[in-house]
Amino acid sequence: MYWLLTRGRFPYLASLLMVTGAMAYFAIGVSTERSNASMTAEDATMAADYAEFREHFGNDDVLLLAVTFPGPLENGLHLLAELTGKVEGMEGVARVMSLSNALQLVHGPAGAESRPLLPHPLPGADSGRRLAAALDANPDLTGLLVSADRRTAGLVIEIEDLPGDDLYRHELIGSLRQLAAETGGAELHLTGVSVQKNDVAHFVQRDQRVLIPLVLLAMALLLTLFYHRWSGVLLPLAVIAVSLTWTLGLFALTGHSLNTITSLLGPVVMVLSVSTSVHLYSGWQQQGSSLGLGLSALVEEVRPLFLPCLYTALTTALGLISLTVSDIPAVRQFGLFAAAGVMIAFAVSITLVPVGLSFLPAPVPPPSATGESRLGRLLQGTARLTVERPVTVLAVALALSLLAAGGLGRIRNNTDLVRFLKSDTPLHRDTLFIDQHLGGVNPVDFTLSRRDGRPLTTLEDQRRLAAFVAAAESHPEVARAFSIIPLLTSLHRAEFGLENLTLPESEQNLLYLFDLLEAAPEQELLRKLLSRDLTRTRISIGLHAVGTAEAARLLEALGRDAARTLGEGYQLVPTGGFYQVTRDSNRLVASLGKSFALSLALVLGAIGLLFRSLKLTLVALVPNLIPLIWSGGVMGYAGIDLSTGTAMIAAVVIGLAVDDTIHYLARYRRERHRAPAEAVHATTTGTGRALVISSVVLVLGFWTGCFGSFKPTVYFSLLTGLTMIGALINDLLVLPACLILTGRWLPKGAA
Amino acid sequence: MRAVLLALAATFVLAVSALAEQASLARRYAPLLDSAADCIVRRAWVPSAEQPQGEVRLIARDGALVMQTALSSKVLRRVAAAISEKEERSWPEERDGFVDSQRYRETLSKAVEAVQQDSRAHPRPDRRQRLLIEFVAAGRSSLYAIYLPELSEGAEGLEITGRKLLFIEAASPLYVRGNLVEIAMDSFHLERAEAEQLISALAP
């Protein structure tokens, strides 16, 4: 340490600068994930099911573009045809289906014939009547290509599948949104999985641009407020900058990209990295030293803080490391790299701050906590309360905890990708509009096959399929279900010149319909619903814009429907992006339990190792569990759902909350040669200032995340900050009260 | 009662006459119907190799050029309807050959009916119905014949293992040769000039 603070200063600073410069190169180039692949759990079975689905039914990536005309729909058909043509010509578009190019099956001289749905030219004199007649005759188009009130038309846009190239989707979505300016008064709304991914990537980049400078600014203002010295601002900021650069640089160097979860990495590491430097700086300020003796005083100041700071960094890192048991790659990445960032921040703080301080003259001690400052008076009052009324303090804490526990039971496990974004974002608005007018923005796809592997060409097969589809559509969460049934009934009607849409009564006629389908030129479209060998058929159930909680309940209900209508002879395999998100959300609680238990075990182990006392470790547990219960209660009563973002809170906070406890207990052990009441008083007033400053910095630092684009990250930031406030209150009130009551049991610390 | 008997008698007479005429035509044109020494000049799956409903072959036969369409389809009625539709487009009323075309379409319709009756009587496991159509251009002797064939799938395409004559009709050389060109354009994806050159080079 002496070498570092003397001859080693400049070599150290030069090395630090060089490494930071190198890391900055990588950090600046960190990319943003466009596919959201890391947001879903790695599941070999689900991946295989989805691969099989795509093999039989092709690419399921579609966009939905809704066009609402100012007047009746028939007056907008020209514009619709124009729009359809424009979209068809865009790069990356495989196919577009709209009313203007849709076909219908009609009875012709030789049987069923495919004819345009709408009459040409458009509009004719009686186009309104003809349009209405065509739509009445083809009810399956309602909810897909036209709304029930017939004022909004839908364009189903199938995107080309170009693996490895996500940029063309971004450009296509941009081009589609630009169409809004060319529609002469018609309203356009766009949604789809690719739009979700695109907009999420955009907001992730936006958050990086906004939150990191905001956190930096918040840190700078707070540090100025507390220390009133440029050194008190610049040194912690330098630690923040270096820690952030190294962490993001490592992240980029190891080939990772930012997403909705890992976009928090920067702000979180910045906030967490300030704690050690604040403790060191506060300690240096309080010591006060004269020039000449400064070096020894500096070393003497750092030495007793080294272990507590190491353990606080370690416990924070361990809390974050516990996230690596999650099934979701993004959560694992966040935990791993945030933990690395915390340890990097510790290493930088413990070296850079003393080196920086070694250039400075003797500090002017700050307003004493025992003196006349407001904080000083508050801490004195707090110490007095815990000494004089420990039972009352514990009783109030217990009462609040019991109240909060009531809220815990209200917490709902729910991920709602659309409502993750704020209500004024285009995706949120557009998706809900399309859901209301056209319906079914969240598709869950099923592959149906017979267990005996035979083709699905018997009447029994189709009747059971029709029964399942009818059962599915009876659920209020289901907007509509797409299957081969409407095609078969339309073909049956057209081929035999019937009035109604029905399935054939004879096996022979049904086989004949399949023969017609086999010979039809529209094989590409047919393959979207039926495999080439006729052994698999697709059922696409369009759910309303619901979250995974409702979707999970619905999927269970659909499972029961399938058992009842399809029976044992059939296999129904769910797949698709939304299904995967629903499954992951369900597993969230289990993985949350795992990561929290691991976090708790690791943190308690670290405390036990530091203090070598089981009783002290158990006492330390109380002020760290209570804030979590309080925050859980707030979540429950405020209706904040447990989702991928908010599920991380407990594991992260347990590691943070214990930091104040460690500092308090470490100081308390040094004061333990006194009577418990005096020791508590000295600890609270002595270390309290640093605890308050570091906690306020952490809280306000986390709260800058409330300016983020995603609700889960806003909730994460808000609740983490609230939990830190709860932790501070518990460490200054509940912990001392526990120490007072159990004082006689605890070992005396070294003087 | 008398009128019914007269109608029945008239129908019987007409049917017997028609059969007799068919038999007479078959005898007269027997050499042009003999496929023993057929040499396939060109062949193509129709409507496409990905979704074949049959095969079209241009055949050099002793003294004649034959455009043979062998159909093997589960939806024969629809295929025949598509053929009729193309005929109607290619041979409008104002074009010489319209009458021949009209008669051909009627004959084709009867042939399809006969095949479907046979199919109902002798259902096949693969549900495919088979039909063989030949347009034979032999100078002044031009005709078309429709058969109920036995087909199997060979290495290069369909193989005719047997045939039963259903209908035979003489037609104008203009019509038959014209149809060779139309079918060549449609099945071999040729421009009109190319198709005419191909037929001219091979026709007797």
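The questions and answers below walk through strands, helices, loops and an interface in a predicted model.

Me: Which strands stand at the edges of the open sheet in chain A that has the order β10-β11-β9-β12?
Reply: This open sheet is built from 4 strands of chain A, and the pairing is antiparallel. A strand at the edge has a single partner strand, so one side of it is left without a neighbour in the sheet. In chain A this applies to two strands, namely β10 (478–482) and β12 (570–575).

Me: In that sheet of chain A, which residue of β12(A) does A:Thr447 stand opposite?
Reply: Strand β9 of chain A covers residues 442–450, and 6 bridges join it to β12(A), the two running antiparallel. Within β12(A), the residue opposite A:Thr447 is A:Val573.

Me: At about what angle does helix α3 of chain A run to β11(A)?
Reply: Helix α3 of chain A, made of residues 44–57, lies across β9, β11 (536–543) and β12 of chain A. Its direction can therefore be compared with that of one of these strands, since angles are taken between N-to-C directions. For helix α3 and β11(A) the angle is about 110°.

Me: Where is A:Leu534, a residue with a positive phi?
Reply: The phi of A:Leu534 is near 65°, which is a positive value in a residue other than glycine. A:Leu534 is placed in the loop between α19 (523–526) and β11 of chain A.

Me: Which strands stand at the edges of the open sheet with the order β3-β6-β2-β7 in chain A?
Reply: This open sheet has 4 strands with antiparallel pairing, and neighbouring strands are turned by 20° against each other on average, direction ignored. Because each edge strand has a single partner strand, one side of each is left without a neighbour in the sheet. The edge strands of chain A here are β3 (93–97) and β7 (187–192).

Me: How many bridges pair strand β2 of chain A with strand β6 of chain A?
Reply: Strand β2 (residues 62–68) and strand β6 (residues 152–159) of chain A pair in the antiparallel sense. In this pairing A:Ala66 stands opposite A:Gly154 in β6(A). The count of bridges between β2 and β6 of chain A is 7.

Me: How many residues lie between β5(B) and β6(B) in their hairpin?
Reply: β5(B) and strand β6 (residues 158–170) of chain B pair in the antiparallel sense over 11 bridges, and B:Leu148 stands opposite B:Lys164 in β6(B). β5(B) also takes part in a hairpin with β4(B), which has 2 residues between the strands, and there B:Gly139 takes a positive phi near 65°. In the hairpin of β5(B) and β6(B), the number of residues between the strands is 4.

Me: Is the peptide bond from B:Val46 to B:Pro47 cis or trans?
Reply: B:Pro47 is found in the loop between β1 (39–46) and β2 (54–61) of chain B. The peptide bond that leads from B:Val46 to B:Pro47 has an omega near -5°, and it is cis.

Me: How many salt bridges does the rule find across the interface of chain B and chain A?
Reply: In this interface, 8 residues of chain B are in contact with 14 residues of chain A, and the area buried between the chains is about 960 Å². The residues on the side of chain B that touches chain A divide into 2 nonpolar, 2 polar and 4 charged. The side chains of A:Glu518 and B:Lys74 meet in a salt bridge at 3.2 Å, N to O. Across the interface of chain B and chain A, the number of salt bridges is 5.

Notes:
Residues are numbered from 1 along each chain as its sequence is written. Chains are lettered from A and ligands numbered from 1 in the order in which they are written. This is a predicted model: local features need pLDDT of at least 70, side-chain atom pairs count only at pLDDT 80 or more; totals for chains, interfaces and linings use all residues. Side-chain values use heavy atoms; hydrogens and water are left out. Two strands pair if DSSP finds at least two bridges between them. Contact means heavy atoms within 4.5 Å. Axes are lines fitted to C-alpha atoms, for helices over the stretch in contact, and angles run from 0 to 180 degrees between N-to-C directions. Buried area is the accessible area (1.4 Å probe) that two parts lose on being put together, summed over both. A salt bridge is a side-chain nitrogen of Lys or Arg within 4 Å of a carboxyl oxygen of Asp or Glu. Ala, Val, Leu, Ile, Met, Phe, Trp, Tyr, Cys and Pro count as nonpolar, Asp, Glu, Lys and Arg as charged, and the others, Gly among them, as polar.
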